[in-house]
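I opened the file to look at one helix, its ends and its neighbours. My notes follow in the order I made them.

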Amino acid sequence: MITSSNMHNPPFKRLAPKELDLSEWAHPTPGGGGTGTRGYCASKLCNLMTAQTLARQPDVEQRRIDVIAFNPGLTGGAGGGDASPLRRLAIKGLTRTLFPAIGLFVPEFNMNTPEHSGRMLADVATGRLSPPEGVYVSLVNGLPTFPAPSTLARNLKAQNRLWNESAEMVGLDDAQGMVVPRKENSR
């Protein structure tokens with residue numbers, strides 16, 4: 001189970017990663033694409049891409065291990081604990097007023113309780129709920145949906161690049177059997 005988010009493909013397209021910028025994301029620069037909301041979007045994109053790549057690994061396929069990227073939806077559970085009191089108050093105001101209003105038009109902005117998202121996560125983890133195909137489960141209006149990931153998230157060349165460069169960044173190599181290149185075909 002890997003936590004992702006519909007923010008891997010945010011409704012505000014200027015926040016969406018257009019391409020992989022792994023160096024920036026691994027070592028963010030002030031105001032760059034690896035910080036703030038853009039960094040969050042990039043991290044959730046990477047999580048979704050990693051889940052898809054992991055699901056294609058021969059050992060995972062052979063053992064019939066389900067790899068699932070789960071979007072718990074908005075829960076209001078992240079209150080900006082390290083933010084200033086004013087910023088925490090602003091976050092609370094957004095999650096209790098603005099998001100419900102936007103949710104009338106954009107269902108992804110409807111809030112789930114952390115408890116509800118946790119129950120749905122348990123259903124996914126225990127196999128009571130799984131995507132009919134692919135690896136992505138996204139809660140929208142509290143209900144599981146199975147949307148196609150963004151175009152960039154589905155890009156096999158980009159997935160393989162992320163997988164291999166991430167392994168390199170943490171010191172894994174092909175000789176250790178930890179990174180298995182796969183031909184770029186879809187399941």
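I began at the start of H7, where a side-chain oxygen of Asn 155 lies within 3.0 Å of the backbone nitrogen of Lys 157. The model is predicted, and I read each value below as computed from it.

At the other end, I found that Gly 171 follows H7 and has a positive phi, near 85°.

Next I checked the length of H7. I expected 20 Å for its 14 residues at 1.5 Å a residue, and the end C-alpha atoms are 20 Å apart, which agrees.

Which residues of H7 are buried? I listed Leu 156, Ala 158, Gln 159, Asn 160, Leu 162, Trp 163 and Ala 167. I then looked up what the buried residues of H7 pack against, and got helix H1 (22–26), H2 and helix H6 (151–154).

I took H2 further. The axes of H2 (residues 36–55) and H7 (residues 156–169) come within 9 Å and cross at roughly 95°. Angles of 65 to 115 degrees count as roughly perpendicular, so I entered H2 and H7 as roughly perpendicular to each other.

For the contact itself, I noted Cys 46, Met 49, Thr 50, Gln 52, Thr 53 and Leu 54 on the H2 side, and Ala 158, Gln 159, Asn 160, Leu 162 and Trp 163 on the H7 side. By class, I have six nonpolar, five polar and no charged residues in this contact.

Last, I looked at the whole protein. I logged seven helices and four strands, in the order β-α-α-α-β-α-α-β-β-α-α from the N terminus. Of the 187 residues in the protein, 36% are buried.

Key:
Residues numbered from 1 in each chain as written. Predicted model: local features only at pLDDT ≥ 70, side-chain atom pairs only at ≥ 80, totals over all residues. Heavy atoms only, no water. Axes fitted to C-alpha atoms, helices over the stretch in contact; angles between N-to-C directions. Helix = DSSP H or I, 4+ residues; strand = E, 2+ residues; numbered from the N terminus. Parallel < 35°, antiparallel > 145°, perpendicular 65-115°, else oblique. Contact = heavy atoms within 4.5 Å. Nonpolar A, V, L, I, M, F, W, Y, C, P; charged D, E, K, R; others polar. Expected span 1.5 Å × (residues − 1). Buried < 20%, exposed > 50% of the residue type's maximum accessible area, 1.4 Å probe, protein only. Polar contact = N/O pair within 3.5 Å; in protein donor to acceptor, adjacent residues only side chain to side chain.
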